[in-house]
Structure formats: structure tokens, C-alpha cells
Amino acid sequence: MPRLLHLDSSARPDSFSRRLGAAFAATWRAAGGGTVTYRDLAAEPVPPIREAWTRICDTLLREGITDIDRYTEAVRTDEERAAWAVVEPLLAELVAADVVLIGAPMYNFGVPAALKAWIDQVTFPKMVLAPRKFVVASARGGAYGPGLPREPYDHQGRYLLDFFRGHYAVDDAEIISAELVNAHVDPALAPRLDQHHESYAEATRAARELAEKLAHFTISTALHGDRHGG
């Protein structure tokens with residue numbers, strides 16, 4: 001059975017992105033999905049990358065090391081070993097997963113700093129994580145869908161899809177989003193509260209349907225044959 005890595009990054013303990021992620025994970029378990037590894041990036045923040053991390057990346061590039069199992073060959077100094085001690089458990093969770101579920105609210109048109117710190121720590125040059133599947137459980141204060149006036153300001157969903165494709169060579173990624181969550185608190189959006197409720201209900205349904213589908217997904221031979229090599 002496929003394995004799920006579930007990440008949350010919202011600063012709110014009871015947020016819509018967390019609710020969507022929880023609905024996905026609960027359905028995954030109920031459908032007989034494999035093991036679930038959970039990490040709360042807001043409650044237990046990952047530190048930002050430091051110079052030693054950049055030196056590891058330089059060595060990987062210089063020596064043409066792209067196999068994830070060989071990354072430790074680029075860890076050579078005491079400072080680099082300290083940096084790798086942060087990376088190692090995060091990277092192990094990522095490469096062990098078949099499906100990666102990321103709870104990601106939109107903050108200031110982008111992703112939370114807690115999520116960006118995790119992304120930086122686990123991303124290295126010429127890294128390939130296909131055929132793993134990525135799912136984003138998203139919540140946004142306004143409406144940023146295709147064709148809407150605020151679509152150009154979406155540097156959250158578009159960034160994540162571009163990142164998965166450009167850095168991980170993963171084209172198989174989906175975003176499930178609850179829109180207009182600020183209608184609960186912003187008087188200017190209050191008339192659109194019903195639209196928010198509809199969006200959240202649809203996102204919850206989509207999260208459950210996708211979780212059930214992926215819980216029965218048989219990962220490709222490529223991933224079974226080389227789990228840690230990407």
C-alpha cells in the first residue's frame with residue numbers, strides 16, 4: 001500500500017487548510033491506505049537553511065551527485081554534518097512517501113514561512129521525486145481562481161505547482177482549495193459567505209474522493225525499484 005506524508009503549515013490550530021488535510025488523511029486511513037507520517041511545521045518549525053547547506057549543494061553540483069542515496073558523500077565538514085542532521089529526518093520522510101499531502105494556507109499571496117523553510121531544507125540540485133504524487137490542501141482569504149480579478153496575485157498555488165514541476169520533476173500534483181475564508185471575519189466579504197461555504201464543501205468532497213482514489217493507488221515499478229533514489 002502507498003505511504004502518505006502529511007504536512008501542515010498553518011499558524012492557526014483550527015484552520016481550513018488543516019481541516020481539508022484532516023479530511024484527506026481520515027479518508028485515506030478509512031480506505032485502507034498505508035502508513036501516515038505527520039509533521040506540523042507550524043508547531044515544530046524547521047530552521048532556515050544556513051551557509052553549510054549551500055556548500056553541500058555546491059558539492060553535489062560540482063561532483064554530479066544526483067542520487068539521493070549518495071547525498072551524504074557531499075557532507076564533509078563539521079558544519080555540514082550539523083546542517084545534514086537537520087535535513088536527514090525531513091528528507092527521509094519525503095523520499096519514503098508515495099503521496100505527499102501539504103496543508104498550505106495563502107499568506108500575503110504566498111506560502112507560509114514555515115512551509116518555505118521545509119521546502120528549502122529538503123530540496124537539492126537536479127532532484128527527481130517523480131512518480132510521487134503531491135496534493136495541496138489550500139485555504140485562501142479571497143477568490144483567486146482562473147479568470148478572476150485576483151488570479152494574477154496567486155503566488156501560492158501557482159508557485160507550488162511550478163516548484164514541484166521545476167525542482168522535483170513532478171507533474172502529477174493537485175491543489176484542493178477552500179476560497180473566501182475571510183468572509184467569516186471581513187465585513188466587505190460577508191455577502192459572499194455562502195460562496196465560501198460552497199467552496200469549502202466542494203473542497204472537502206474533492207479531498208475525500210482523491211484520498212480514496214490514492215489510497216488504492218499502486219505506485220509505479222520505478223518507485224518500488226528505487227525508493228530512495230527518486
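1. A good place to start is Arg70, which is partly exposed, with a relative accessible area of 35%. That value lies between the limits of under 20% for buried and over 50% for exposed, so Arg70 belongs to neither of those classes. Please keep in mind, here and below, that this is a predicted model.

2. Where does Arg70 sit in the chain? Arg70 is part of the loop between H2 and H3. From Arg70 to Leu60 the separation is 10 residues in sequence, and their C-alpha atoms are 9.2 Å apart in space.

3. Another arginine makes a nice contrast. Arg39 belongs to strand E2, residues 36–40. Is Arg39 buried or exposed? Its relative accessibility is 18%, and because buried means under 20%, Arg39 counts as buried.

4. What does Arg39 touch? Leaving out residues up to four places away in sequence, the list is His6, Leu7, Asp8, Leu90 and Glu93. With Glu93 there is also a polar contact between the side chains, at 2.9 Å.

5. Now for the interior. The largest nonpolar core has 42 residues, and Leu91, Leu94, Trp118, Phe134, Phe164 and Tyr168 are those with the most contacts inside it. At least two residues of this core come from each of strand E1 (4–8), helix H2 (51–62), helix H3 (78–96), strand E3 (99–105), helix H4 (113–122), strand E4 (133–139) and helix H5 (157–168). H3 gives the largest share, seven residues. In soluble globular proteins, nonpolar side chains tend to be buried together.

6. Leu91 is worth a look on screen. Once its neighbours within four places in sequence are set aside, Leu91 is in contact with Ile68, Tyr71, Trp84, Val122 and Met127. Apart from the largest core lies another core, of 20 residues, including Phe16, Val135, Ala203 and Ala207.

7. Helix H4 deserves its own point. Its buried residues are Leu115, Ala117, Trp118, Ile119, Gln121 and Val122. The buried residues of H4 pack against E1, H2, H3, E3 and H5.

8. How do H3 and H4 meet? Their axes come within 9 Å and cross at roughly 90 degrees. An angle from 65 to 115 degrees counts as roughly perpendicular, so that is how H3 and H4 are arranged. On the H3 side the contact is made by Val86, Val87, Leu90, Leu91 and Leu94, and on the H4 side by Trp118, Gln121 and Val122. By class, this contact has seven nonpolar residues, one polar residue and no charged residues.

Conventions: Residues are numbered from 1 along each chain as its sequence is written. This is a predicted model: local features need pLDDT of at least 70, side-chain atom pairs count only at pLDDT 80 or more; totals for chains, interfaces and linings use all residues. Side-chain values use heavy atoms; hydrogens and water are left out. A nonpolar core is a set of buried Ala, Val, Leu, Ile, Met, Phe, Trp, Tyr and Cys residues joined through side-chain atoms within 4.5 Å. Buried means under 20% relative accessible area, exposed over 50%, partly exposed in between (1.4 Å probe, protein chains only). Helices (H or I, at least four residues) and strands (E, at least two) are DSSP runs, numbered from the N terminus. Contact means heavy atoms within 4.5 Å. A polar contact is a pair of N or O atoms within 3.5 Å; within protein, one must be able to donate a hydrogen and the other to accept it, and residues adjacent in sequence count only if both atoms are side-chain atoms. Axes are lines fitted to C-alpha atoms, for helices over the stretch in contact, and angles run from 0 to 180 degrees between N-to-C directions. Angles under 35 degrees count as roughly parallel, over 145 as roughly antiparallel, 65 to 115 as roughly perpendicular and the rest as oblique. Ala, Val, Leu, Ile, Met, Phe, Trp, Tyr, Cys and Pro count as nonpolar, Asp, Glu, Lys and Arg as charged, and the others, Gly among them, as polar.
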